[in-house]
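Me: Could you take me through the terms used for this model and show how each one is earned? I like to see a value beside its cut-off.

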Amino acid sequence: MKKLILIFLLSIPLAFAQKGEELLHLSFAQIEQDGKNYLAINFNPEKGWHYYWKNTGDSGIPTTLNFNVPNKALEFSMLEWPAPKLFKEGAELWTFGYDTQETFFAEI
């Protein structure tokens with residue numbers, strides 16, 4: 001049986017230029033499994049909003065995460081991305097992304 005330990009959970013609402021309206025909620029969990037550490041990153045956008053896949057298509061900016069931890073070196077590599085959805089934006093622009101809750105995993 002594989003050992004799975006949840007070490008911490010942190011939720012962060014992101015506010016954009018919409019008078020402080022929270023449009024994307026992120027939660028993080030550090031997981032230890034088989035002697036390796038993983039970071040689970042859960043994206044949950046508000047209804048009507050979406051965020052982009054690593055290949056955005058015709059427009060948009062790929063979703064990236066950067067962490068700054070004072071006096072610590074934190075390196076991680078993204079593992080598999082969930083399959084994206086295709087969005088039509090504007091007259092002839094097609095993009096790839098997500099408009100529902102998705103969890104991404106990275107090895108720390």
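Reply: Happy to; what follows covers a sheet, a threonine and an isoleucine.

Reply: This is a predicted model, in which local features need pLDDT of at least 70 and side-chain atom pairs count only at pLDDT 80 or more, while totals for chains, interfaces and linings use all residues. Residues are numbered from 1 along each chain as its sequence is written, and side-chain values use heavy atoms, with hydrogens and water left out.

Me: What makes S6 and S7 a pair of strands?

Reply: Strands are DSSP runs of E with at least two residues, numbered from the N terminus, and two of them pair if DSSP finds at least two bridges between them. S6 and strand S7 (residues 93-98) have 5 bridges, in the antiparallel sense, so they meet the definition of a pair. Lys88 has Trp94 as its bridge partner in S7, and Lys85 has Gly97. The two strands form a hairpin with 3 residues between them, and Gly90 in the turn has a positive phi of about 75°.

Me: How do you know that S4 pairs with S7?

Reply: The antiparallel strands S4 and S7 are joined by 3 bridges, so the requirement of at least two is met here as well. Gly57 is the residue opposite Thr95 in S7.

Me: Why are S4 and S6 at the edges of the sheet?

Reply: The open sheet has 3 strands in the order S4-S7-S6. Strand S4 (51-57) and strand S6 (85-89) each have a single partner strand, so one side of each has no neighbour in the sheet. From one strand to the next, the twist averages 45° (axes are lines fitted to C-alpha atoms, and angles run from 0 to 180 degrees between N-to-C directions).

Me: Why is Thr63 called buried?

Reply: Buried means under 20% relative accessible area, exposed over 50%, and partly exposed in between, with a 1.4 Å probe and protein chains only. Thr63 has 18%, so the residue counts as buried. Thr63 belongs to the loop between S4 and strand S5 (77-78). Leaving aside neighbours within four places in sequence, its contacts (heavy atoms within 4.5 Å) are Phe43, Tyr51, Tyr52, Trp53 and Trp81.

Me: And why is Ile108 called partly exposed?

Reply: Ile108 has 39% relative accessibility, which lies between the two limits, so the middle label applies. Ile108 is in the segment after strand S8 (102-107). Its C-alpha atom is 6.0 Å from that of Glu75, 33 residues apart along the chain.

Definitions and conventions
Helices (H or I, at least four residues) and strands (E, at least two) are DSSP runs, numbered from the N terminus.
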